[in-house]
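User: Please take me through the reasoning behind the descriptors assigned to this complex. I would like each value set against its definition.

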Amino acid sequence: MSLVSIKDVRKSFGSVEVLKGVSIEVGRGDVVAIIGKSGSGKSTLLRCINGLETYDAGCISVDGIDVGKTRGNLRDLRRNVGMVFQQFNLFPHLTAAENVMLAPKVVNRESAHITKALAKETLAKVGLSDKADSYPSQLSGGQQQRVAIARALAMRPNVLLCDEITSALDPELVSEVLRVVERLASDGMTLILVTHEMRFARDVGTKLVFMHQGKVHEEGPPKPLFASPGTPELAQFIGMQH
Amino acid sequence: MNDFSFWVILSNLLLATRWTVLLSLVAFVCGGAVGLALLFARVSKIRWLDTATRAYIEFFQGTPLLMQLFLFFFGVALLGIEVSPWLAASLALTFWTSAFLAEIWRGCVESLPKGQWEAAETLALSYIEQMRYVILPQALRIAIPPTVGFSVQVIKGTALASIIGFVDLTKAGTMLNNATFRPFLVYSLVALIYFALCYPLSWYAHRLERQFNVAR
Amino acid sequence: MTYKLQFAELLPYWDVLLHGLIFTIVLTIVSTIGGIAVGTAGAAARTFGPKWLDPIVAAYVEIIRNTPFIVQLFFIFFGLPAAGVKLSETAAAFLAMVVNLGAYSTEIIRAGIEAVPKGHLEAAESLAMTRMQILRHVVLKQAFQKIYPALASQIIIVMLGSAVVSQISAEDLTYAANYIQSRNFRAFEVYLVVALLYLLLAIAARAVLRGIGRVIFPKA
Ligand SMILES: Nc1ncnc2c1ncn2[C@@H]1O[C@H](COP(=O)(O)OP(=O)(O)OP(=O)(O)O)[C@@H](O)[C@H]1O
Ligand SMILES: [Mg+2]
């Protein structure tokens, strides 16, 4: 059974239909790379999965929770679904460790003892054990983004959503973040990532989804798709990236 | 009791409002002029002038307006000059206003990029010319919303002049209250009239600020 | 006709001054705490609260900010008894101060809350935090850090404004000055000394507030 199931989801902003019936199945341990042109609805789709955005029709379920039927009670859903943003969105008034410990403390009511251990463990996982007491403003973009990943991981989500998490970074900082994500993938974390890093999508992804004009235009295992795209649109899109 | 009807109270308050408005205008206009001089002194690079201005501003911003009113009221008398509450209030409010406006305007001037001064200096403009042609025209635009906003503080500040005997809206309220023993009504009306004077200015300052932020 | 300033005639009244000074300090501290509590509640209500509450809080803020403190004080002390609420001079002074600072800090804190980037709210939502948790842990701390300097200067302004409570015979520093000059007829000297005491108080308060700020927000 799929961990994340997206069925014929539609979404409009005003009169503009941004998602025109999107269906994707994500199994446990899958690494789904979503690619596509700007404005094709990638972010919108991702935000629908954890309820930051509502959708108009269709059905999304995560680990048996029907997102559309939560009626605003998104707590259980979001415990299971982590998200990392393009702009990091770290809380500037908290240190790296405090950023990580906040949700386990206030949402899961974990003891100080456990949250500390969690911070230690997740910051180690992203290679930032030595930056626990730094404030976001004292960290580089790449380090901030890794803290943001640790913050999401500390909730022990079943699936992690990443929306262009390297796009705001200087080129030399991209790889340190991608390496962390790659580690997560090889540890078996289920990932859905919107990315412009084609090589990463091909090498790390287990499934490629090409979005075009609000629809899944093509999907399948990344390597064969990159080698021989089934549609001219994907061929053109891949071509454009080089 | 009937000789002090609602309308009598209201009309007396409105008559006294003239003096509140007049005192506010005097304080704002004179305070603005003094404030501009202070601004020139404050951002000049002449050390002693800057220090003196800072002390002046510190005193008028760091002590109660009420104390300043008392000091002018009793202090000018020491010089052998007959003081009316009107004169003492005008002086105190002028100096008090000037200190705040000078600081507000300095913030605007200093928010301009350093390059503006340097460019103006490179063009061989004198200090006054740099201010006149380069700095102030730019600072003026950003200065308008907080200046309008401060005019509300000036109007409210004039209410303290009633304490040294100036018959403004607040003083009229006290007198009418003593005559009618209807404090709830009298002070509600007094508050309402102040609100009618101040709120449009607050609203306008807020709107200007928003417009400015959008334009940026 | 030359007038000689004689400050020595103040000395016998040092205990009166001290009493007034303490009253003003206590008044400031209590109204700061009360005012910030009111302001936090008001700002939270306006940004995170139910819709119907918003115009009520907005009206409170605008009425207070657009009328003189002395009129608010007179209304509370003289006007409210007519409506059945009788307060002592001291109680009226404290209440007026809290109500006044509460309105200003509502606006200041609200501006801070609105300056918190939307992305932070979404990040917190994504971590399954509730609205109250987001407000408390993500929004308020950030907001306070941002607006702390503005809040601190408002506290000083309100402290200096508190001189007016002498007009309802609350026994603050200005009341002490009025009392002394009515005895020794040295009005100018008395008010000059008391003005300088206020200045020292303002400078000290600024330093204390800066220190507190450094402790609460170690980074800033
Ligand atoms: N809150 C919103 N209100 C109105 N329109 C929106 C909103 N969010 C997104 N859109 C529109 O929906 C469309 C899809 O946006 P989306 O952010 O999902 O695209 P994307 O594929 O993530 O693009 P990019 O690669 O630039 O991030 C765009 O045309 C965008 O302008
Ligand atoms: Mg996007």
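Analyst: A polar contact is a pair of N or O atoms within 3.5 Å. The model is predicted, and the values below are computed from it.

User: What makes the pair between the side chain of Lys42(A) and ligand 1 a polar contact?

Analyst: An N or O atom in the side chain of Lys42(A) is 2.8 Å from an oxygen atom of ligand 1. The cut-off is 3.5 Å, and 2.8 Å falls within it, so the pair is a polar contact.

User: Which distances apply to Thr44(A) and Ser40(A)?

Analyst: For Thr44(A), a side-chain N or O atom lies 2.5 Å from an oxygen atom of ligand 1. For Ser40(A), a backbone N or O atom lies 3.3 Å from a ligand oxygen. Each value is within 3.5 Å, so both pairs are polar contacts. Taken alone, ligand 1 exposes 630 Å², of which the protein buries 56%.

User: Which residues surround ligand 1, and why are they counted as its shell?

Analyst: Ligand 1 is surrounded by Phe13(A), Val18(A), Lys37(A), Ser38(A), Gly39(A), Ser40(A), Gly41(A), Lys42(A), Ser43(A), Thr44(A) and Glu164(A). They are counted because each has a heavy atom within 4 Å of the ligand. Helix H1 (residues 42-49) of chain A gives the most to this shell, with three residues.

User: How do you know that the shell around ligand 1 has six polar residues?

Analyst: The shell divides into two nonpolar, six polar and three charged residues. Gly counts as polar in this scheme, so Gly39(A) and Gly41(A) belong to the polar group. Lys and Glu count as charged, so Lys37(A), Lys42(A) and Glu164(A) belong to the charged group.

User: What makes a void a cavity, and how many cavities of 30 Å³ or more are there?

Analyst: A cavity is a set of points where a 1.4 Å probe fits but cannot get out. By this rule there are two cavities of 30 Å³ or more. The largest cavity has a volume of about 70 Å³, and the second largest cavity has a volume of about 40 Å³.

User: Which residues line the largest cavity?

Analyst: Its lining consists of Cys162(A), Glu164(A), Ile165(A), Thr166(A), Leu178(A), Val181(A), Leu193(A), Val194(A), Thr195(A) and Phe200(A). Helix H6 (171-186) and strand E8 (190-194) of chain A each supply at least two of the lining residues. The lining comprises seven nonpolar, two polar and one charged residue. Glu counts as charged, so Glu164(A) is the charged member. Glu164(A) is also in the shell around ligand 1.

User: Which chains contribute to the lining of the second largest cavity?

Analyst: Chain A contributes Arg78(A), Arg79(A), Val81(A), Gly82(A), Met83(A), Ala152(A), Met155(A) and Pro157(A), while chain C contributes Ser126(C) and Leu127(C). Helix H2 (75-80) and strand E6 (81-84) of chain A each supply at least two residues, and E6(A) gives the largest share, three residues. The lining divides into six nonpolar, two polar and two charged residues.

User: Why is the second largest pocket called a pocket and not a cavity?

Analyst: A pocket is an open set of points, whereas a cavity is one from which the probe cannot get out; the space of about 390 Å³ is therefore classed with the pockets. Of its 19 lining residues, the closest to its centre are Ile29(C), Thr32(C), Ile155(C), Val208(C) and Leu209(C). H8(C) provides the largest share of the lining, seven residues. The lining divides into 17 nonpolar, two polar and no charged residues.

User: What makes chain C an α-only pattern along the sequence?

Analyst: Chain C has eight helices and zero strands, so its pattern reads α-α-α-α-α-α-α-α. Chain B likewise has eight helices and zero strands.

User: How do you know which element of chain B has the lowest mean pLDDT?

Analyst: Among the elements of chain B, helix H5 (residues 114-122) has the lowest mean pLDDT, 67, and helix H4 (residues 85-110) the highest, 95. Where pLDDT is low, the predicted coordinates should not be read in detail. The mean for chain B is 89, with 92% of its residues at 70 or more. For chain C the mean is 92, and 98% of the residues reach 70 or more. The predictor gives the complex an ipTM of 0.91 and a pTM of 0.79.

How values were computed:
Residues numbered from 1 in each chain as written. Chains lettered and ligands numbered in written order. Predicted model: local features only at pLDDT ≥ 70, side-chain atom pairs only at ≥ 80, totals over all residues. Heavy atoms only, no water. Polar contact = N/O pair within 3.5 Å; in protein donor to acceptor, adjacent residues only side chain to side chain. Areas by Shrake-Rupley, 256 points an atom, 1.4 Å probe, with all protein chains shown as cover. Helix = DSSP H or I, 4+ residues; strand = E, 2+ residues; numbered from the N terminus. pLDDT = per-residue confidence, 0-100. 1 Å grid on protein atoms, 1.4 Å probe; cavity = no way out; pocket = protein on both sides within 12 Å on 5 of 7 lines; lining within 4 Å. Points joined across faces, edges and corners; volume = space filled by probe spheres on them.
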